[in-house]
Amino acid sequence: MAESSFPAGADWARRAEQVIPGGLNSFSRYLGEPYGFARSSGAYVWDFDGNRYVDYHAAFGAIVLGHNDPDVDRAVAGALNPVDLVGIGITRPEVELAELVCAAIPSADQMICCTSGSEATFHAVRLSRAVTGRDLIVKVQGGYHGWHDAVARNVISPPELAYGMDPMSAGILPENLSSTLIAEFNDLTSLEELYTRHQDRIAAVIVEPIPHNVGALLPNPGHLEGLRKLTEAQGSLLIFDEVITGFRHALGGWQEISGVTPDLTSFGKAMGNGHPIAGLAGKAEHLRHFNSAGGSVLLAGTFTGHPTGCAAAVATITKLRDAEVFAHTAALGQRMRDGLTGIVDELGVPAQVRGYGSVFCLYFLEGEINGYRDLMRNDDVRYREFHRRMTDRGFLMLPMSLKRNHISFAHTEEDVDRTLDAAREVLRTLP
Ligand code: PMP
């Protein structure tokens with residue numbers, strides 16, 4: 001058998017497989033070679049064997065300033081002094097973070113700290129049920145909101161299963177699955193039909209304002225406004241899941257850009273530039289239902305509001321507010337999207353470039369892209385081959401097709417231009 005060109009990585013992967021199921025702590029981390037990473041800095045990561053990659057995976061978008069941003073690292077290192085975790089009362093970083101978030105996000109009168117995006121959407125769903133006294137939740141096909149049961153119907157299912165029960169996981173009770181209904185993005189009629197069929201039962205509609213979990217489906221003009229009006233008229237809460245869009249597209253998330261204010265907003269990922277911190281924000285009239293405020297909805301967690309996560313988020317949001325992060329990353333995003341579109345057109349590749357701001361993705365399909373149904377025509381095999389060849393050349397992107405890539409504050413025009421050169425070569429020879 002040929003020697004691996006990643007001997008150190010292969011060694012670690014073998015060790016991992018012995019003690020971690022499948023050798024990975026999340027199913028979506030599978031890459032094959034180069035196995036894993038030992039170092040990161042700015043726009044780059046290095047595998048165990050010392051090869052460098054320009055990183056557009058960015059930990060699924062959590063890295064917005066660049067890896068090991070010195071201001072964030074300093075804040076995290078300093079966070080445990082003078083006090084680490086006491087577990088009772090409050091600490092300064094939690095309060096500072098909540099003040100920053102409430103100042104930044106239009107829908108946020110108040111927020112709770114969580115340790116992951118899944119935890120934030122879990123609370124959003126349960127709180128909506130408690131506030132409205134209703135049982136059903138609507139999610140939008142193509143959206144992902146975490147791994148918990150209430151939202152665990154598939155992100156993108158084969159057509160015959162799309163509106164059936166297509167759980168992301170075994171072990172979920174059927175009643176949990178059937179309590180989550182599915183509407184379509186950019187199609188208000190599909191939601192109106194659900195309201196007709198389930199009168200006075202829908203507690204909330206949860207939606208990624210840009211469904212980035214299937215790349216970058218942009219909302220058609222009026223769509224989010226329509227969602228807002230309809231949910232309000234029907235007495236349901238509208239939850240914007242801004243775990244990806246929040247702190248990436250604007251300080252106030254997509255709600256700042258669109259001018260549409262949801263009732264509840266979940267966020268995570270970019271907020272702490274890679275540190276485990278997330279949150280749920282909303283109107284005080286809703287958040288006061290948590291039992292921390294004398295309400296009846298359980299709010300608990302040993303590590304919620306942990307000083308290192310909060311300090312990371314305070315440092316990240318402060319930098320997002322004060323530095324020209326969004327202008328820089330959006331300009332590079334535009335450069336990347338324009339460059340890729342030019343290459344695709346020039347070579348006649350049946351692909352389309354989409355994205356917004358710092359986000360770009362390549363769909364291997366032709367024709368209109370409006371909703372998730374259109375994405376089913378995507379040529380996954382081609383995407384995976386494109387991805388493999390880009391990785392081989394030192395450009396790291398998300399391995400799953402129909403996902404997006406992320407530019408950080410640390411990327412430069414030169415990084416983008418080198419990426420475009422590599423993409424041209426790969427697309428020219430792609431079978
Ligand atoms: N919501 C969205 C929109 C997400 O993209 C994700 C993670 N990909 C989540 C929620 C869940 O977040 P986490 O992985 O931190 O639990």
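These legends describe close-up views of a predicted model.

**View 1. The ligand and the residues around it.**
The shell around the ligand holds 15 residues. S116, G117, S118, G146 and V243 come nearest. By class, eight residues of this shell are polar, five are nonpolar and two are charged. Helix α5, residues 117-132, gives the most to the shell, with three residues.

**View 2. Helix α5, from its span to the residue that follows.**
α5 has 16 residues, so at 1.5 Å a residue it should span 22 Å. Its end C-alpha atoms are 23 Å apart, which agrees. Which residues of α5 are buried? They are G117, E119, A120, T121, F122, H123, A124, V125, L127, S128 and V131. G117 thus appears in two views: it is buried in α5, and it is one of the residues that come nearest the ligand. G133 follows α5 and has a positive phi, near 70 degrees.

**View 3. Two domains and the contact between them.**
Domain 1 is made of two stretches, 7-68 and 324-429. Domain 2 covers 70-322. Their C-alpha centres lie 25 Å apart. Domain 1 brings 26 residues to the contact, and domain 2 brings 29. On the domain 1 side, five elements each supply at least two residues: α2 (58-61), α12 (325-347), β11 (352-356), β12 (359-363) and α13 (372-375). By class, the side of domain 1 that touches domain 2 has 16 nonpolar, seven polar and three charged residues.

**View 4. The largest nonpolar core.**
This core counts 116 residues. V101, V205, I206, I239 and V314 touch the most other members. Helix α11, residues 307-322, provides the largest share, eight residues. Where does the core lie with respect to the two domains? Domain 1 (7-68 + 324-429) and domain 2 (70-322) both give residues to the core, so it lies between them.

**View 5. V314 and its contacts.**
V314 is among the core residues that touch the most other members. Leaving out residues up to four places away in sequence, V314 touches A75, P93, E96, L97 and L100.

**View 6. R321 in helix α11.**
R321 is found in helix α11. Is R321 buried or partly exposed? R321 has 13 other C-beta atoms within 10 Å; a residue needs 20 or more to be buried and 12 or fewer to be exposed, so R321 is partly exposed. A98 is 223 residues away from R321 along the chain. The C-alpha atoms of R321 and A98 are separated by 15 Å.

**View 7. Helix α12 and what covers it.**
α12 has 23 residues, so at 1.5 Å a residue it should span 33 Å. Its end C-alpha atoms are 33 Å apart, which agrees. The buried residues of α12 are V325, T329, L332, G333, M336, L340 and I343. What covers these buried residues? The cover includes α11, β11, β12 and α15 (413-429). β11 and β12 also appear in the domain contact, where each supplies at least two residues of the domain 1 side. Just after α12, G348 takes a positive phi of about 65 degrees.

**View 8. Two cis peptide bonds before proline.**
E33 and P34 are joined by a cis peptide bond, with omega about 10 degrees. P34 is found in the loop between α1 (7-19) and β1 (37-41). The peptide bond from N81 to P82 is also cis, and its omega is near 20 degrees. P82 is found in the loop between α3 (70-78) and α4 (92-104).

**View 9. Positive phi at N186 and F247.**
N186 is not a glycine, yet its phi is positive, near 60 degrees. The loop that holds N186 runs between β6 (180-183) and α7 (188-197). N186 is buried, because it has 21 other C-beta atoms within 10 Å and 20 are enough. F247 is not a glycine either, and its phi is positive, about 60 degrees. The loop that holds F247 runs between β8 (237-241) and α9 (253-258). F247 has 30 C-beta neighbours inside 10 Å, so it counts as buried.

Key:
Residues are numbered from 1 along each chain as its sequence is written. This is a predicted model: local features need pLDDT of at least 70, side-chain atom pairs count only at pLDDT 80 or more; totals for chains, interfaces and linings use all residues. A residue is near a molecule or strand if its C-beta atom, placed from the backbone, lies within 6 Å of it. Helices (H or I, at least four residues) and strands (E, at least two) are DSSP runs, numbered from the N terminus. Ala, Val, Leu, Ile, Met, Phe, Trp, Tyr, Cys and Pro count as nonpolar, Asp, Glu, Lys and Arg as charged, and the others, Gly among them, as polar. Domain bounds come from an automatic or database domain assignment. Two residues are in contact if their C-beta atoms, placed from the backbone, lie within 7 Å. The expected span of a helix is 1.5 Å times one less than its number of residues. A nonpolar core is a set of buried Ala, Val, Leu, Ile, Met, Phe, Trp, Tyr and Cys residues joined through C-beta atoms within 7 Å.
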